[in-house]
Amino acid sequence: MRVYCAKDYEHASRTAANIISAQIIMKPDCVLGLATGSTPIGTYEQLIRWYEKGDLDFSKVKSINLDEYKGLTAENDQSYRYFMNTHLFDSVNIDKNNTFVPDGTEADSEKACRDYDEIIRSHGGVDLQILGLGHNGHIGFNEPADDFAKGTHCVKLTESTISANARFFASMDDVPKEAYTMGIGSIMQAKKIVVIVSGEGKKDIVKKAFLGPITPQVPASVLQLHSDVILVGDEAALSEYNKGV
Ligand code: GLP
């Protein structure tokens, strides 16, 4: 694993955006695995700036998002489809028909997950996967569990994730309790993975995930087994990790 320690959030965002932009330049029709959460917002803003300058062309890019809340429509401003439209897709020349997010409105979980796995399969997998990191070590919505889930599945969100994400909703009760998420197996099949972390709140879980034992109780720890992971973080998020290496 390569670790890039940036001085602050903006620097980390530019670094992650540089990696994504290199991927798009080298393979204009690449498949990007995209993430939501507050951490990648700065990265997406930087990509938009480079697109506006004429340095980036998304016209052939395809994207497959990690996850979606079950029950939320694309129009719901807390859905991850809405997030992606607002924070990236509406501001660049990506063809929305080439952007995929699990269908939160599909009530039949098995069908929603089967369909999404087929989308991932038919695109030949992901070239570059962007990941954030949950406070309990979740990636996508793969919560701590007894085993690593391979494919797309429906998860019951943990109390800690529901309360961490409650800041985006009117109240805790409004946070959906379930989500569809790409599985650890699909994430691990990405050719390259960039994990973006920021802020002091992530320092303990970053150390646990990347220096601790590999266990499904800390889902991100499985990334230690991937051959091409870049961890991009600011000094605050990497402080404990840096002490441990
Ligand atoms: C959500 C998303 C994750 C994301 C995590 C961390 O739970 N499903 O993909 O990595 O939040 O979010 P943040 O970057 O806001 O800390």
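Let me start with Tyr-51, which is partly exposed in this predicted model, its relative accessible area being 25%. Its ring does not stand alone, since Tyr-51 and Phe-58 form an aromatic pair, and while Tyr-51 is partly exposed, Phe-58 counts as buried, with a relative accessibility of 0%. How are the two rings of Tyr-51 and Phe-58 arranged? They sit edge-to-face, with 6.4 Å from centre to centre and 70° between the planes. As a general point, a pair of aromatic rings is described by the distance of the centres and the angle of the planes.

A search of the whole structure finds five aromatic pairs, and I would like to take you to another of them, the one between Tyr-80 and Phe-141. Here the ring centres are 5.8 Å apart and the planes meet at 15°, so this pair is stacked, because planes under 30 degrees apart count as stacked. Where in the chain do Tyr-80 and Phe-141 lie? Tyr-80 is in helix H3, residues 80-87, whereas Phe-141 is in the loop between strand E6 (128-131) and strand E7 (153-156), so that the pair links distant parts of the chain, 61 residues apart. Both Tyr-80 and Phe-141 are buried, and ring pairs link these two residues with Tyr-69 and Phe-169 into a cluster.

Staying with helix H3, we can look at how helix H2, residues 41-53, is placed against it. The axes of H2 and H3 come within 10 Å and cross at roughly 40°, and the two helices are therefore oblique to each other. On the H2 side the contact is made by Ile-41, Tyr-44 and Ile-48, and on the H3 side by Phe-83, Met-84 and His-87. Sorted by class, this contact of H2 with H3 has five nonpolar residues, one polar residue and no charged ones.

Now to the strands, where, speaking generally, the strands of a sheet pair through backbone hydrogen bonds, either parallel or antiparallel. One open sheet here has three strands in the order E4-E8-E7, with antiparallel pairing. Its edge strands are E4 (67-69) and E7, each of which pairs on one side only, and neighbouring strands of this sheet are turned by 25° against each other on average, direction ignored. Between E4 and strand E8, residues 178-181, there are three bridges, and Asp-67 has Thr-181 in E8 as its bridge partner.

Strand E6 gives us parallel pairing to look at. With strand E2, residues 31-34, E6 pairs in the parallel sense over two bridges, and Gly-33 stands opposite Gln-129 in E6. With strand E9, residues 192-197, E6 is joined by four bridges, again running parallel, and the bridge partner of Ile-130 in E9 is Val-194. Which way do the side chains of E6 point? Leu-128 and Ile-130 point one way and Gln-129 and Leu-131 the other way, and all are buried. In general, the side chains of a regular strand alternate between the two faces of the sheet.

Let me finish with a residue that is exposed, Arg-121, which has a relative accessibility of 56% and lies in helix H4, residues 109-122. Although Arg-121 and Ser-186 are 65 residues apart in sequence, they are 9.2 Å apart in space, counted from C-alpha to C-alpha.

Definitions and conventions. Residues numbered from 1 in each chain as written. Predicted model: local features only at pLDDT ≥ 70, side-chain atom pairs only at ≥ 80, totals over all residues. Heavy atoms only, no water. Phe/Tyr/Trp six-rings, centres within 6.5 Å; stacked < 30°, edge-to-face > 60°. Buried < 20%, exposed > 50% of the residue type's maximum accessible area, 1.4 Å probe, protein only. Axes fitted to C-alpha atoms, helices over the stretch in contact; angles between N-to-C directions. Parallel < 35°, antiparallel > 145°, perpendicular 65-115°, else oblique. Contact = heavy atoms within 4.5 Å. Nonpolar A, V, L, I, M, F, W, Y, C, P; charged D, E, K, R; others polar. Pairing = 2+ DSSP bridges.
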